[in-house]
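Hi,

Here's the structure I said I'd send over. Have a look at it first, and my notes follow underneath.

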Amino acid sequence: KAYMPDVATSLYNLAYLYAGTQRLNEAETLYKKALEIYEQLADKYPEVYQNDLNMIQKEYQKLLNNMN
């Protein structure tokens, strides 16, 4: 669906905000949802979405490291 990139971006932005305010469990949930959408988008259009997917994966990994 055409709106899915916007949904994924919004989820990522909110996850990033939550991570920055130490709402780590909420951030984790949103990162997972954003990653799921970006993985689907990158499968179909890698030239458009692969860099975004890589960036979000790195941010998600940072979050997981901070949670441990």
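Helix 2 covers residues 24-44. Its 21 residues reach 30 Å from the first C-alpha to the last, close to the 30 Å expected at 1.5 Å a residue. Bear in mind that this is a predicted model, so everything here is computed from it.

Which residues of helix 2 are buried? The list is Leu24, Ala27, Glu28, Leu30, Tyr31, Ala34, Leu35, Ile37, Tyr38, Leu41 and Ala42. These buried residues pack against two partners, helix 1 (4-20) and helix 3.

On to the pairing with helix 3, which spans residues 46-67. The axes of helix 2 and helix 3 lie 9 Å apart, and the angle between the two is about 155°. An angle over 145 degrees counts as roughly antiparallel, which is why helix 2 is described that way relative to helix 3. The crossing of helix 2 past helix 3 is left-handed. Sorted by class, the residues in this contact are 15 nonpolar, 4 polar and 7 charged.

One residue in helix 3 you may want to click on is Glu59. Is Glu59 buried or exposed? It counts as buried, because its relative accessibility is 17% and the cut-off for buried is under 20%. Setting aside neighbours within four places in sequence, Glu59 is in contact with Tyr12, Tyr16 and Tyr31. Tyr31 also appears among the buried residues of helix 2.

Cheers

Conventions. Residues numbered from 1 in each chain as written. Predicted model: local features only at pLDDT ≥ 70, side-chain atom pairs only at ≥ 80, totals over all residues. Heavy atoms only, no water. Helix = DSSP H or I, 4+ residues; strand = E, 2+ residues; numbered from the N terminus. Buried < 20%, exposed > 50% of the residue type's maximum accessible area, 1.4 Å probe, protein only. Contact = heavy atoms within 4.5 Å. Axes fitted to C-alpha atoms, helices over the stretch in contact; angles between N-to-C directions. Parallel < 35°, antiparallel > 145°, perpendicular 65-115°, else oblique. Left-handed = near helix turned anticlockwise from the far one by under 90°. Nonpolar A, V, L, I, M, F, W, Y, C, P; charged D, E, K, R; others polar. Expected span 1.5 Å × (residues − 1).
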